[in-house]
Amino acid sequence: ARGVSLHLANPFPVVATRAHPHVHSGWKHTGRASAANYMSASMVNDLLFYATLPCANELRCNLRLRTLRLGGFGGSLVKDQRVPVSHMWSPSFSPRPADWPEHVGITGFCFWEDDVHFGGGASAEPGPEHDSLRAWLEAGPPPVLINWGSMVFDGAKAAALCVEAARLAAGDGDQGGGGSAATVRVLLQSGASTFDTAALEPLPTTVFVTGPVSHRWLLQHVCAVVCHAGAGTVGAALRAGLPMLACPFFGDQTFWAHRIASQGLGLQIPFHRLTASNLADALSGLCGGKFTPAAVAVAASIRGEDGLGALLSDFHRRLPLERMLCHAHLLLGEAKVASHACGGIQLSGEALEAAVHASLLDSTAKVVPHRSVTWDLGSAVRTPALGVWSCLMAGPWPLGAALVRLLALPPKGMYAQGPYGCV
């Protein structure tokens, strides 16, 4: 509506392709290209468009903007308008699908080398409060890190499952009574959900529980990672050259889990299918060295990339600068963003004020807000098929919404204001 340039940057695939299904479709990743995969993106995008359309139109009405039409394939607006899209993962991990259009690309993982939001940098050493963690890490071989990040789960059940799996993976080794160090050790790191080990004390010495610690530091001291397959955790583990067990919960996590398994970088077991037995087998497999060569090779590629720099370069390269900059300032060798237009001349607010002050614009001059990009939000139906679809969607949709309101408003009014509110 404001005519502003748009560039999407996503940590997971959002553009339709035959290579794999849409990450939010729930369809199984088979690794085989198909038309069904391509269609899944259209279905998901249309469903999301119509689910959010009432809220979007309410906002547009409040801003005195034209509402978006109900008919038409609204979920394809981004594709139809050829909005540039940059995907933030390494092509060495998941290559660019051949059927993506030119304006869609992969730039590489983006890592913040100094993240002020986590207390002094992404590689900050842990403080004295983590001395016990340091001591445990130094007391034996590198452990397997289990961290399910921002996922919500039953902390007591998950802790019991992981501790039992650690015991099974360690065999007849240390059971908490001071025996010899086992080969497989497990570090549980709490995230949005806390690993509750109160009922499991004393823990085996092969298991340790910790809270928030810098991943940049911690991943240097572990041998593998068990995670929910979120984009950030996957990227960090890949750069560290660590094999993974991906335990996806939902959404794009299934895409990452499939890529991890298909690339020989680790294993995948959906979280709801985890048992102490299969987790123990996975822990032993991760520590066996089978997946390490592939993980190290991908890590070398990622470390040679500058994902953040590539993303910024892609963003700047696709800016419509010729339609964004003030013509008057360009003549002076300066770059200023144009906010107004007059007779085909793009002017910044400063240039417009100077022109008015110098009487270069008379009262008949038509000055309008400048839009660097003109987006077509489906104001016209261009094909018969789209017209039929528009009629089908533009009819039942508002009628259904009106019927729901008709049935819901009287009880709501009765509850709020009594019989008078019902009327």
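Me: Helices (H or I, at least four residues) and strands (E, at least two) are DSSP runs, numbered from the N terminus. With that in place, in which loop does Pro-202 lie?
Reply: This is a predicted model. The peptide bond from Glu-201 to Pro-202 is cis, with omega near -5 degrees. Strand β6 covers residues 207-210, and Pro-202 lies in the loop between β5 and β6.

Me: How many helices and strands are in the chain?
Reply: The chain has 423 residues, of which 41% count as buried. Among contacts between residues at least 6 apart in sequence, 61% join residues at least 24 apart. The DSSP runs in this chain are 16 helices and twelve strands.

Me: What share of the exposed area do carbon and sulfur atoms supply?
Reply: The chain exposes about 22600 Å². Of that area, the part supplied by carbon and sulfur atoms is 62%.

Me: What is the average pLDDT of the chain, and over which residues around 114 is it below 50?
Reply: The chain averages a pLDDT of 85, and 85% of the residues score at least 70. One stretch has a pLDDT below 50 and eleven contacts beyond near neighbours in sequence. Where pLDDT is low, the predicted coordinates should not be read in detail. The average is 85, and the stretch is residues 114-122.

Me: How many contacts beyond four places in sequence does the model have for residues 172-182?
Reply: pLDDT stays under 50 over residues 172-182. Low pLDDT is a reason not to read the predicted coordinates in detail. With that caution, the number of such contacts in the model is 13.

Me: Are the side chains of strand β4 buried or exposed?
Reply: In a regular strand the side chains alternate between the two faces of the sheet. In β4, residues 144-147, Val-144 and Ile-146 lie on one side. Leu-145 and Asn-147 lie on the other. Both faces are covered, and these four residues are all buried.

Me: Which residue of β5 stands opposite Val-144?
Reply: Strand β5 spans residues 186-189 and pairs with β4 in the parallel sense. Three bridges make up this pairing. The residue of β5 opposite Val-144 is Val-186.

Me: Which residue of β7 stands opposite Ile-146?
Reply: β4 and strand β7 (residues 224-227) run parallel and are joined by four bridges. Across this pairing, Ile-146 stands opposite Val-226.

Me: Is Ala-229 buried or exposed?
Reply: Ala-229 is found in the loop between β7 and α6 (231-239). Its phi is near 70 degrees, a positive value in a residue other than glycine. The cut-off for buried is under 20% relative accessible area. Ala-229 has 0%, so it is buried.

Me: Is Arg-64 buried or exposed?
Reply: Arg-64 also has a positive phi, about 60 degrees, although it is not a glycine. It lies in the loop between α1 and α2 (77-80). At 80% relative accessibility, Arg-64 therefore counts as exposed.

Me: What is the area of the nonpolar surface patch that includes Trp-27?
Reply: Trp-27 sits in the loop between β1 (8-10) and α1 (35-62). With 35% relative accessibility, Trp-27 counts as partly exposed. Together with Met-39 and Met-43, Trp-27 makes a patch of about 310 Å².

Me: How many residues apart are Arg-318 and Glu-102?
Reply: Their side chains meet in a salt bridge, 3.5 Å from N to O. The pair links distant parts of the chain, with Arg-318 in the loop between α10 (307-317) and α11 (321-324) and Glu-102 in the loop between β2 (85-87) and β3 (104-106). Arg-318 counts as buried at 18% relative accessibility, whereas Glu-102 counts as exposed at 52%. The separation in sequence is 216 residues.

Me: What is the N to O distance in the salt bridge of Arg-317 and Asp-314?
Reply: Both residues lie in helix α10, three residues apart, about one turn of the helix. Arg-317 counts as exposed at 53% relative accessibility, and Asp-314 counts as buried at 8%. Their side chains meet with an N to O distance of 2.7 Å.

Me: Which residue forms a salt bridge with Arg-323?
Reply: The structure holds five salt bridges. In this one the closest N and O atoms are 3.3 Å apart. Arg-323 counts as partly exposed at 37% relative accessibility, and its partner is exposed at 53%. That partner is Glu-322.

How values were computed: Residues are numbered from 1 along each chain as its sequence is written. Side-chain values use heavy atoms; hydrogens and water are left out. pLDDT is the predictor's confidence in each residue, from 0 to 100. Contact means heavy atoms within 4.5 Å. Patches are made of residues with over 30% relative accessible area and no salt bridge: like charges are joined within 9 Å, nonpolar side chains (Val, Leu, Ile, Met, Phe, Trp, Tyr) within 5 Å. Accessible areas come from the Shrake-Rupley method with a 1.4 Å probe; for residues, only the protein chains shown count as cover. A salt bridge is a side-chain nitrogen of Lys or Arg within 4 Å of a carboxyl oxygen of Asp or Glu. Buried means under 20% relative accessible area, exposed over 50%, partly exposed in between (1.4 Å probe, protein chains only). Two strands pair if DSSP finds at least two bridges between them.
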